[in-house]
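Hi everyone, thanks for coming. I'd like to walk you through a few spots in a structure, so let me put it up on the screen.

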Amino acid sequence: MLPRKRAAADGVVVVESDTETTANNNNNNNAATSSFKKQRLHSCIIAAAASTDSTTKNGDNSASVGGNSDQSNTRVVESSPSIMALGDANHTEIDEDLHSRQLAVYGRETMRRLFASNILISGMQGLGAEIAKNLILAGVKSVTLHDEGVVELWDLSSNFVFSESDIGKNRALASVQKLQELNNAVVISTLTTKLTKEQLSDFQAVVFTDISLEKAIEFNDYCHSHQPPISFIKSEVRGLFGSIFCDFGPEFTVIDVDGEDPHTGIIASISNDNTALVSCVDDERLEFQDGDLVVFSEVHGMTELNDGKPRKIKSARPYSFTLEEDTTNFGMYIKGGIVTQVKQPKVLNFKPLREAIKDPGDFLLSDFSKFDRPPLLHLAFQALDKFVSDLGRFPVAGSEADAEKLISIAGNINEGLGDGKVEDINPKLLRYFAFGSRAVLNPMAAMFGGIVGQEVVKACSGKFHPLFQFFYFDSVESLPTEPLDASDFKPLNSRYDAQISVFGSKLQKKLEDAKVFIVGSGALGCEFLKNIALMGVSCGDQGKLTITDDDVIEKSNLSRQFLFRDWNIGQAKSTVAASAAASINPRLNIEALQNRVGPETENVFDDNFWENLTVVINALDNVNARLYVDQRCLYFQKPLLESGTLGAKCNTQMVIPHLTENYGASRDPPEKQAPMCTVHSFPHNIDHCLTWARSEFEGLLEKTPAEVNAYLSNPVEYKAAQRNAGDAQARDNLERVLECLDKEKCETFQDCITWARLRFEDYFVNRVKQLIYTFPEDAATSTGAPFWSAPKRFPHPLQFSAADPSHLQFVMAGSILRAETFGIPVPDWVKHPKALAEAVEKVIVPDFQPKKDAKIVTDEKATTLSAASVDDAAVINELIFRLELCTQNLPQGFKMKPIQFEKDDDTNYHMDLIAGLANMRARNYCIPEVDKLKAKFIAGRIIPAIATSTAMATGLVCLELYKALDGGHKLEDYRNTFANLALPLFSMAEPVPPKVIKHGDMSWTVWDRWILRDNPTLRELLEWLKDKGLNAYSISYGSCLLYNSMFPRHRDRMDKKMVDLAREVAKAELPPNRNHLDVVVACEDDEDNDIDIPQVSIYFS
C-alpha cells in the first residue's frame, strides 16, 4: 500500500531500482585537502520525479516513495573548512510555519544542511523506527531504511509503525507508509537485501541498530577512510541496557559546540595596563570563561580595540576580566563599548571502532552513582556479540545456563585485557543483561532514538558537540523489586512478549490495569501516548487512560507532535492523538477530553476521578498548570511523573508519595524583567526593542479597539466606570478612545496610510527629538555622572525615506492592520512599492517642537508611564464631553475589530509590523537589527523545541513509570534527570526526599493529610488535636476565619458541625459530589511553639 501524503499534490510513486543504478554518485575519491572538504549530494534516492531511466530499471531490493522532486543537485562544490561532507541545500526553501520551533534551536544554516543530507538506518526494530521518526520530522533530504528480517509479534512491543497485519512482511517495507506520513518532503527508501560497504558511499551518515561487531568494524573502516568520511553510528538497545558508538571521521569540525548565543557584556571601564582590566556594568553577570576569545566594538577613546581582532581573556569574574594584551600605549578609555564572545570551531579526531573497542578512552557518564558501570557494559556488549555469533541466537530470558555462558564469555574477554581489565564483572548485573538481551523495550528505544537522532543531526551539520565516542546506559532499577521465576518470563504469544521477557507477566498485568491521567497532548503528550500504547499501559479490562488538552492543532505542531497530520489542523489535539494512539494498540482504553485542568474544572476532574487514578503524567508547557496538578497529586497522594524540554535540553522529575519532595517544593528564580523605563526610553539590546514593539502592537491594534467597543456597547456604564476610577489610567483610556474616534479616525485607506506614516514620525523622530532635548548628550545625573553612561545608548532621530524599503514596509504593514481594525478594504496597489510611495508622499507631516516640561520616566522601579495629576477628574470630564460629541458623527452600529497577535501566520502582517517597530527603534539607538524570523522567536516568546529531546525525556519518564506502577521501589531506585543533547550531558540523580516535621513521637511530611470522619463539631476537632499534644488557636476555611481562640464569641460555635460553620460563616457552596472540606489549622505545643501541621480534611458524609 502506498503512503498517504501530507499534501494532496502529485500522486506518490513507488519505484524499484537496482542497487548499482542508485549508487550513481559521481564524486571522485581523491583525498580532500586539509583546509577544504568536498561536499556531495547524491542522486542515489529515487523520488517520484526522478529520471525515467532510473525508474525503468528492474530490481527487487529497493523502493522509494514521496519526497522532493529536485534530484539534479549532484555537483561537487567547495565549502569552508568548518563544513564537512555536507550538501548544498540553498535550493531548498525552509517552511518557517512548519519548522519555526526547530529553527529556533538550529538556525537556518543547520536546517539547510539537514535538508541536503541522506541517511541510512539499518535495523528497523523499535530503535530504528524511533531514529527514523526523529530524523524525518527534522526534515533531512532522504532516509533509507534497511532490514532483511520480517516483522514478528515480538516487534510490536517497541515499534510504533507495525501492526499485527504487518507480521511476516519485511520490516523496512512495512515501515515506509507510516513514516512517510510524518513528512512528505523527505524521500523514504528501502533496502531489503544484504548491505555492501560500497552502498554506504551514498550517505552522509549511517546508523546501525542490529549488526554484529565484526560487520560493524568492516563497515566502519570503510566509512572512516572514505573521502570525505561518512559518519558512522552503532547503537543497540538490549532490554534495560543500551550502547552508542560514534565515529565521524579522523578530522571532524564542530562549528558550534553548544548552540548557545555568544555571550556579551557592556563595558564600563578599561585600564591602560599590561594585562588590561576590563570592567562591565552590573546589569547582568558575565558568562565568560578563562581562555575565551572576545572582540570589542563601539569603544570610545581606546579605539585600538575596535579592530575586530579576537583577544583572549583570563581571570574571568562576574563583572570583569583581564585581557592578555598591553594597553599602556592605547588611547584613554572614555566611554561605551560592547564585548562579544567569539565562538571557535573545534576539530575532533575520532578513532575507528577497530581501535576504539580496545582503547575506548573516557566513557560519557550519565549517573555518577554508577561511575564504574561503563567499562563493565563495554565488556558485556562484546560478550553478547560473541554469544550470538557462537550460538546464532540471543540468551533465553530466565535461562540460568545461558546467563552463565554469557558471564563466562565476559570473564574470558576480561582476562585478556591485561591492565585494562574490570575488577568485578558483577555476575548479578550480567544475569539481568543476559535475560533481557533479545528485547527492545519501547522506553529504551525512545530514549536512545532521541540521542542517536541528535547525533545524526550533528554529523550532518556540525551543530553541537558529538558524543565522543562510547556511551553506555542501564536502568536495572526499573526491574520489579520482587524476585522472578523463570516461568514469569515465558512468552504468552502476545504483543508484549518482549517486555514480559524483561519484567515478567505480573508487572505486565499491573501496567495493563493502570488508571493513568496524561495532562497535555502536545509534543510530550504525543510521545507519551505512543510509549504507553506500546507498553500496554491501560490496555487491560480494568485499565483506563484519560488524556486532556484544550488546544487545537496548528501547522507549527507538525514538526514534532508526530501523531498529527496536516489534515488534522484545527482539530482538537487530545481527540486526534487518542485516535492515533488507539491505532498503534487497539486494546488501549482511552478517553480524550478537551478540558483545561484547573480549579474551574473540578466538577469534571472531581474527587472520585483523582482518587481512582494510579499515576499522573504531566505533558504541560507552563509552570502554573504544573503547580496545580502537583497540588492535586499531593492532596490525593498520587505519583506524578514530570518532564519538560527547552531546545536540546530536557529534564524529568519523579514525584512519588511519601518518598520524594513535590514539584512545587523547589522553584526556579523568576526571569529578570527589564525596567519599564529601559524598554520605553533607554533600550540597549534588541530584546528591549521587541518587548516595546509587542507592547505597542497590542496597545494600538488590540487594547484600544477593544476599549472603543467597550465604550460604544455601553456608553453610560463605561463613562461611569472611568469617572469612578478617576485616575491616570482612566484618563489614558479615554484619551486613546477619543483619539481613535476623532483625530485619528480612518474612513479611507489613504487615512490608514496617513496614520501609519505619522506613527513612524511620532515613534522614531519626534519622541527621540524630545528625549535628546530633555537629556542632551552632555547631560549629567544629580551626582554629576554622565547621564548617557553604559548601559544607556544615546539615540538619533531617523529621517523617513520612501526609498528605504524598511520604512515603506513599516507603513505598509501598519496601514493594512489599521484598515483591518476599521473594516476598510485593502487595495492591491498597497503591496507595490511605487504606488505605496506615491500615496505616502501625499501625507502632510507637521513640524515638531520639543516641549520644555515633558516628563520622561527614568526611575527603574517605576511600574507605569502615566503620571497621576491633581486635575485628573476635571480632565476626565472634559474628555467624556468631547467623546459624546464625536460619537454623534459615527455611523449606526459602528464597531472596531481588535486584532489579537498571532505569530504563526506569516501572511497577516503582524510580525511585519512588530519587526518594523523593533528594527526602526534599534536603528534609533544603533542596536543591531534582526530579521523577521528572529523577531518572531523573541516577540512571539517561542519556546525552542525539537523532536529528539522530547523523545528522550519521555523515554526516561517511562523507565520510571515501570517503577511507579510496580509500587515497591525505594527512593534510591528512582532517578531525576537533566540532559543537554547539544553537549552532550546526562546528569541523573535520585530525587530529594520530602522535608520531615517532627512533634513528640509523631512525624509528617507535605504528603500527609489528617482526616476526621463522621462529621465532627468544632469541639471534637479541637479535642482530637489536643490528644496529639497540639493546641489549635486558629481554624480557617479558604480566606474565612471559622475559629480563633482570642475571640470570645467564637466559643459559641463549639458544638456546631464544622461543615455547618463553613456554610454559615464562610458561605461555602459545597458541590453535591464533594463529601469533605479542608481546613487550615494553626497550632502550638504546650510551650507555645508554633507547629506546622498537615492540612485537615473533615468528612461530613
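Let's start with a question: is Cys677 buried or exposed? Before I answer, please keep in mind that this is a predicted model.

Cys677 is buried, because its relative accessibility is 3%, and the cut-off for buried is under 20%. You may care about this residue for another reason: an unreviewed UniProt entry places the feature "active site" at Cys677. If you want to find Cys677 on the screen, look in helix α19, which covers residues 676–681. Leaving out residues up to four places away in sequence, Cys677 touches Phe682, and also Val857, Thr858, Asp859 and Glu860.

Now let's move along the chain to Asn1015. This one sits in a loop, with β28 (1009–1012) on one side and α30 (1018–1026) on the other. Asn1015 also counts as buried, since its relative accessibility is 19% and buried means under 20%. And what is Asn1015 in contact with, apart from its neighbours within four places in sequence? The partners are Glu1020, Lys1057, Val1059, Tyr1099 and Phe1100.

My last stop is on the surface. Phe978, Leu983 and Leu985 form a nonpolar patch there, and together they have about 230 Å² of accessible area. Let me pick out one of them, Leu985, which belongs to strand β25, residues 985–989. Leu985 is classed as partly exposed because its relative accessible area is 34%, which falls between the 20% and 50% limits.

That's my tour, and I'm happy to go back to any of these spots with you.

Terms used. Residues are numbered from 1 along each chain as its sequence is written. This is a predicted model: local features need pLDDT of at least 70, side-chain atom pairs count only at pLDDT 80 or more; totals for chains, interfaces and linings use all residues. Side-chain values use heavy atoms; hydrogens and water are left out. Patches are made of residues with over 30% relative accessible area and no salt bridge: like charges are joined within 9 Å, nonpolar side chains (Val, Leu, Ile, Met, Phe, Trp, Tyr) within 5 Å. Accessible areas come from the Shrake-Rupley method with a 1.4 Å probe; for residues, only the protein chains shown count as cover. A salt bridge is a side-chain nitrogen of Lys or Arg within 4 Å of a carboxyl oxygen of Asp or Glu. Helices (H or I, at least four residues) and strands (E, at least two) are DSSP runs, numbered from the N terminus. Buried means under 20% relative accessible area, exposed over 50%, partly exposed in between (1.4 Å probe, protein chains only). UniProt positions are given in the numbering used here, feature names are shortened, and annotations may be inferred rather than shown by experiment. Contact means heavy atoms within 4.5 Å.
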